[in-house]
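Me: Please take a close look at a single part of this structure and explain it slowly, step by step, for someone in a first year of study.

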Amino acid sequence: MASPTPSGVSIPSSDTLRLEDLTVTFRGAGYPVVRGVSFEIAPGEAFGLVGESGSGKSLTCRAILRLLPRGASAGGRVAYGRYRLLELGDAEMQALRGSRIAMIFQDPMTALNPVLRVGDSIAQVIQSHEGVGARAARARAIEMMERVGIRDPARRAAAFPHEFSGGMRQRIHIAMALAAHPTLLLADEPTTALDVIVQAEILRLLDRLRREEGMSLLLVSHDFRVVAGLCDRVGVMYAGELVEVSTTREILRCPEHPYTIGLMNSLPEAVVGGRLRSIPGSPPEVGRLPPGCAFAGRCLLATDTCAAAPIPLRELTPQHWSRCIRTDHLADLRRGLITAGSAGS
Amino acid sequence: MISGAAIARGLPTIRRFSSTAGWPFRVGIAGILVIALLAALAPVLLPYDPSALGLAGGLQPPSRAHPFGTDQLGRDILTRVLYAARIDLQIGTIGVIIPLVAGVVIGLFAGYYGRWFDAVVGRVIDVVTAFPFLVLVLAIVAMLGPGLRNFYIAISLVSWVAYARIVRGEALSVRGREYMLAARSLGYSNARIMFRHLLPNVVAQAFVFGMSDFVLDILAGASLGFFGLGVQPPTPEWGVMIAQGRNFIVTAPWVVIFPGLAIVVTSFFVSLIGDGLADTIRRVNPV
């Protein structure tokens with residue numbers, strides 16, 4: 001098969017990724033840390049998962065490739081096209097990794113093997129998935145390095161990871177992930193370890209490559225801005241659950257969950273009056289979740305009903321889902337009128 | 001700096017060492033090569049036969065004809081020291097390679113797969129480590145009977161645990177690194193991950209230990225020779241030479257001094273190699 005060129009000659013067709021009621025449970029814990037996450041990513045679509053540390057977004061991401069940490073197991077259903085990923089045999093799963101579904105990780109300083117020359121690292125991906133010769137694989141690796149914006153790739157291919165800067169390493173990491181032309185890319189905080197300028201470059205690169213390759217993208221980040229800039233749709237996670245799912249445009253225009261509003265208000269851009277507005281309190285401990293809404297304890301609009309029983313994800317419009325029963329009262333919160341200070345006094 | 005053609009092959013770790021190691025490494029290598037060369041060329045360089053009894057009588061002090069003197073049987077000590085290097089270098093080399101390969105593979109499996117295999121290996125390591133090295137080697141050789149082959153068997157049975165423990169520990173710490181997860185996310189087989197991604201990152205410490213183990217093995221060989229369980233006379237071996245000369249240590253110290261010096265010098269060069277390797281690791285992997 002011909003390798004797709006930047007002009008997009010033979011773009012491999014992407015499939016729909018469908019998560020249904022995904023749970024992730026650590027052995028001996030007795031309770032799931034990812035609780036019933038469901039969403040779909042259409043072919044070629046970019047979907048973002050936002051949430052704070054410990055909200056289960058990375059575990060969700062890793063569960064798709066079945067690369068959970070030791071002692072963690074996934075339940076529910078994950079389907080990619082005709083593959084049911086959680087039920088797949090190990091060998092089939094292995095064949096899918098890298099070739100159909102690839103993943104990039106947070107820290108480019110540690111995501112590259114320090115003893116392998118970067119050209120070898122990339123060529124290995126191609127060789128192991130496409131059975132091409134070493135020479136052809138090397139040529140493709142150099143071509144790939146050029147595509148991710150590494151100057152003088154033929155010479156740099158012989159260098160070791162420690163000879164590159166963080167941003168360059170992340171480019172090489174991306175080149176590795178995309179070397180076998182996957183149709184779905186999982187990016188787990190791909191720019192978190194980088195400074196802002198480099199971060200913007202890497203995001204632009206990811207966006208460009210995604211469009212060229214016709215890939216679907218699952219982007220995991222704690223940073224709303226990163227996700228908003230790249231994704232068609234966004235899911236917001238809190239305490240292991242999706243609390244809101246919508247299109248990026250819609251969620252920016254009109255967030256329908258108090259946590260989402262808090263998350264957006266706490267961005268530096270949203271600062272009004274010189275103070276960063278953080279969400280008061282801290283997330284509940286998994287295993288000691290309240291019976292009702294997990295956010296109720298920190299929510300300024302919480303009522304007794306909120307805390308009493310689990311809140312289902314509710315369809316507001318076909319595009320917009322929220323796990324909040326007080327969406328009618330969110331307007332003031334959105335305008336920033338109710339803040340921690342005024343509500344408490 | 002490095003040609004593009006050299007991209008894809010070979011053990012990167014080794015190449016990295018030779019290109020970045022400092023002077024101690026090179027001096028050590030050179031020293032060992034010189035000793036090996038002298039040992040190989042001994043028949044050409046020296047007129048004496050290592051086991052020919054001297055007609056002129058024994059225990060002659062160093063002289064122009066016999067720079068290291070002669071032993072109690074009138075044999076030229078310089079000749080015997082050089083011939084002995086053949087055996088002692090072999091003891092060091094074989095005594096390192098077999099346990100190193102076995103220990104590295106076992107440690108790699110234990111560290112990568114964990115679970116029951118790791119538990120079993122861990123217990124065995126603990127038990128073997130509980131005994132002093134030399135006592136265990138002596139016991140096994142005493143059981144199997146004297147001779148070099150049995151000595152190698154004993155060394156292999158005992159010292160693989162040191163390598164396994166080093167590699168297992170390193171593998172456990174490297175296994176959790178993100179690039180191991182990245183390797184899995186790229187669909188590599190366990191074998192490829194273990195040998196191409198994990199091994200090069202964990203084997204360096206084992207090499208460093210191998211250098212000091214080389215010295216330990218020569219000393220163990222010498223000790224066994226001393227007890228009559230190692231190399232059998234009249235084959236020259238440094239330990240045996242010292243053992244047999246010990247009665248004359250006061251009247252004719254050269255009989256034991258020169259084989260002893262040979263051990264010291266060899267150990268010194270090997271340690272330099274080890275230091276060079278360790279330095280290189282620290283420089284390339286500063287964490």
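Reply: What follows looks at one strand of chain A, then at the sheet around it, and then at some other parts for context.

This is a predicted model, in which local features need pLDDT of at least 70 and side-chain atom pairs count only at pLDDT 80 or more, while totals for chains, interfaces and linings use all residues. Residues are numbered from 1 along each chain as its sequence is written, and chains are lettered from A and ligands numbered from 1 in the order in which they are written.

The strand chosen here is β9(A), which covers residues 233-238; strands (E, at least two residues) and helices (H or I, at least four residues) are DSSP runs, numbered from the N terminus. β9(A) belongs to an open sheet of 8 strands with mixed pairing, whose order in chain A is β6-β7-β8-β3-β9-β10-β12-β11, and two strands are said to pair if DSSP finds at least two bridges between them. At the edges of this sheet stand β6 (101-104) and β11 (314-317) of chain A, each of which pairs on one side only. On average, and with direction ignored, neighbouring strands of the sheet are turned by 20° against each other, the angle being taken between axes, which are lines fitted to C-alpha atoms, and running from 0 to 180 degrees between N-to-C directions.

In that order, β9(A) lies between β3 and β10. With β3 (residues 46-50) of chain A it runs parallel, joined by 4 bridges, and A:Gly48 is placed opposite A:Val234. With β10 (residues 241-247) of chain A it runs antiparallel, joined by 6 bridges; here A:Val234 faces A:Ser246, and A:Arg233 faces A:Thr247. β9(A) and β10(A) form a hairpin with 2 residues between the strands, where A:Ala239 takes a positive phi near 50°.

Is this strand buried or exposed? β9(A) is mostly covered, since 6 of its 6 residues are buried, where buried means that 20 or more other C-beta atoms, placed from the backbone, lie within 10 Å of a residue's own, exposed means 12 or fewer, and partly exposed means in between. In a regular strand the side chains alternate between the two faces of the sheet. In β9(A) both faces are covered, with A:Arg233, A:Gly235 and A:Met237 buried on one side and A:Val234, A:Val236 and A:Tyr238 buried on the other.

The edge strand β11 of chain A contains A:Glu315, and A:Glu315 counts as exposed because 11 other C-beta atoms lie within 10 Å.

Chain A also has an open sheet of 4 strands, in the order β2-β1-β4-β5, with antiparallel pairing. Its edges are β2 (32-41) and β5 (83-84) of chain A, each with a single partner strand, so one side of each is left without a neighbour in the sheet. Between β1 (residues 17-26) and β2(A) there are 6 bridges, and the bridge partner of A:Arg18 in β2(A) is A:Glu40.
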